[in-house]
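Got the sequence and the fold open side by side? Here is a quick walk through the chain, from the whole thing down to a handful of residues.

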Amino acid sequence: MINEAHFTTFPLLKTERLLLRATTLEDAPALQRIRTNPKVMEYMDTYYHDTLQVSKDFINYNLDAYANKKVIYWMLEKKASGTTIGDFSFWKIDDKHHRAEIGYTLDPDFWGNGYMKEAMLRLFSFGFKDLNLHSFEANINPKNGNSKNILLKLGFQKEAYFRESFFYNGEYLDSEIYCLLERDFNAI
Ligand SMILES: CC(C)(COP(=O)(O)OP(=O)(O)OC[C@H]1O[C@@H](n2cnc3c(N)ncnc32)[C@H](O)[C@@H]1OP(=O)(O)O)[C@@H](O)C(=O)NCCC(=O)NCCS
């Protein structure tokens, strides 16, 4: 059973350099900055946050979905400066199969410093040990080398390649599905 207590009290998590905290509407400018950066959006295959309102709607969507126990959405904040440098989501949380899909972004100014790996180590540990999930799924654009790299480093295995399964911007894009079981994670 998923531990529903984490939908009553938000799971605030800490790592050596980061605070993984709940979002508020005050995150809208940071989110908009990140989700209008072409380096971030290159393989996300989703809409740009062209206005602040789009970011506010995105935050509200995540807050509502958390209230409905379908999503846990964290902001990644640098402890030292209080700067918001990215986000991370457990979404499509599947209570029956104890599985969640993940989504994540990091401001390119902070790429190559191990921040996302540090966040993921804490988040997956929380997901398996505290939330009682059994597996995580990631669905990526096969051209997203940065995302593939980090998933493999965390113990994910590639389980599927779907041809032209994702319709975005007038094109049918291929998808790769990666999966992490608790025993894969424990083995890294
Ligand atoms: C995917 C993404 C989060 C990866 O970011 P990243 O900075 O490469 O990942 P990490 O935080 O783990 O950093 C890893 C790099 O930091 C380096 N590093 C430096 N200091 C480090 C430290 N103290 N600890 C660990 N790694 C460190 C590592 O060597 C590694 O570099 P390498 O890949 O050349 O080996 C980022 O590319 C991104 O936001 N992409 C756009 C959004 C996106 O596509 N999201 C996924 C959608 S499916």
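What follows starts with the overall build and then stops at a few helices and loops.

## The big picture

Keep in mind that this is a predicted model. The chain holds 6 helices and 8 strands. Reading from the N terminus, the order is β-β-α-α-α-β-β-β-α-β-α-β-β-α.

How does the radius of gyration of the chain compare with that of a compact globule? For 188 residues, a compact globule would come out near 16 Å, and the chain has 16 Å, so the two agree. The C-alpha trace spans about 40 × 40 × 35 Å along its principal axes.

## Inside, outside and charge

Of the 188 residues, 48% count as buried. Take the contacts between residues at least 6 apart in sequence: 62% of them join residues at least 24 apart.

On the outside, the chain exposes about 9900 Å², and carbon and sulfur atoms supply 49% of that area. As for charge, there are 23 positive and 26 negative ones, and their mean positions sit 4 Å apart.

## Helix H2 and the loop after it

Helix H2 covers residues 38-41, and lysine 39 is part of it. Leaving aside residues up to four places away in sequence, lysine 39 touches Pro108 and Trp111. Lysine 39 is also 10.0 Å from leucine 106, C-alpha to C-alpha, with their positions 67 residues apart in sequence.

Further along, aspartate 45 sits in the loop between H2 and H3. Is aspartate 45 buried or exposed? Its relative accessibility is 14%, and the cut-off for buried is under 20%, so aspartate 45 counts as buried. Its backbone is worth a look too: phi is near 55°, a positive value in a residue other than glycine. Most residues other than glycine have a negative phi.

## Two stops on helix H3

Helix H3 runs over residues 52-67 and includes serine 55. Serine 55 counts as buried because its relative accessibility is 0%. Which residues does serine 55 touch, not counting those up to four places away in sequence? They are Ala28, Leu31, Gln32 and His49.

Alanine 65 belongs to H3 as well. With 9% relative accessibility, alanine 65 counts as buried. Setting aside residues up to four places away in sequence, alanine 65 touches Lys70 and Val71. Tyrosine 178 is 113 residues from alanine 65 along the chain, and their C-alpha atoms are separated by 23 Å.

## Helix H4

Does the length of H4 fit, or not fit, what 16 residues should span? At 1.5 Å a residue, helix H4 (residues 115-130) should span 22 Å, and its end C-alpha atoms are 22 Å apart, so the length agrees.

H4 has a list of buried residues, among them Tyr115, Met116, Glu118, Leu123, Phe124, Phe126 and Phe128. After H4 comes asparagine 132, which has a positive phi near 70°.

## The loop between E7 and E8

Strand E7 (157-168) and strand E8 (171-181) are joined by a loop where you'll find asparagine 169. Its phi is near 55°, again a positive value in a residue other than glycine. Asparagine 169 has a relative accessible area of 68%, so it is exposed.

Definitions and conventions. Residues numbered from 1 in each chain as written. Predicted model: local features only at pLDDT ≥ 70, side-chain atom pairs only at ≥ 80, totals over all residues. Heavy atoms only, no water. Helix = DSSP H or I, 4+ residues; strand = E, 2+ residues; numbered from the N terminus. Rg over C-alpha atoms; globule rule 2.2 N^0.38 Å. Buried < 20%, exposed > 50% of the residue type's maximum accessible area, 1.4 Å probe, protein only. Contact = heavy atoms within 4.5 Å. Areas by Shrake-Rupley, 256 points an atom, 1.4 Å probe, with all protein chains shown as cover. Lys, Arg positive; Asp, Glu negative; His and termini not counted. Charge placed at Lys NZ, Arg CZ, Asp CG, Glu CD. Expected span 1.5 Å × (residues − 1).
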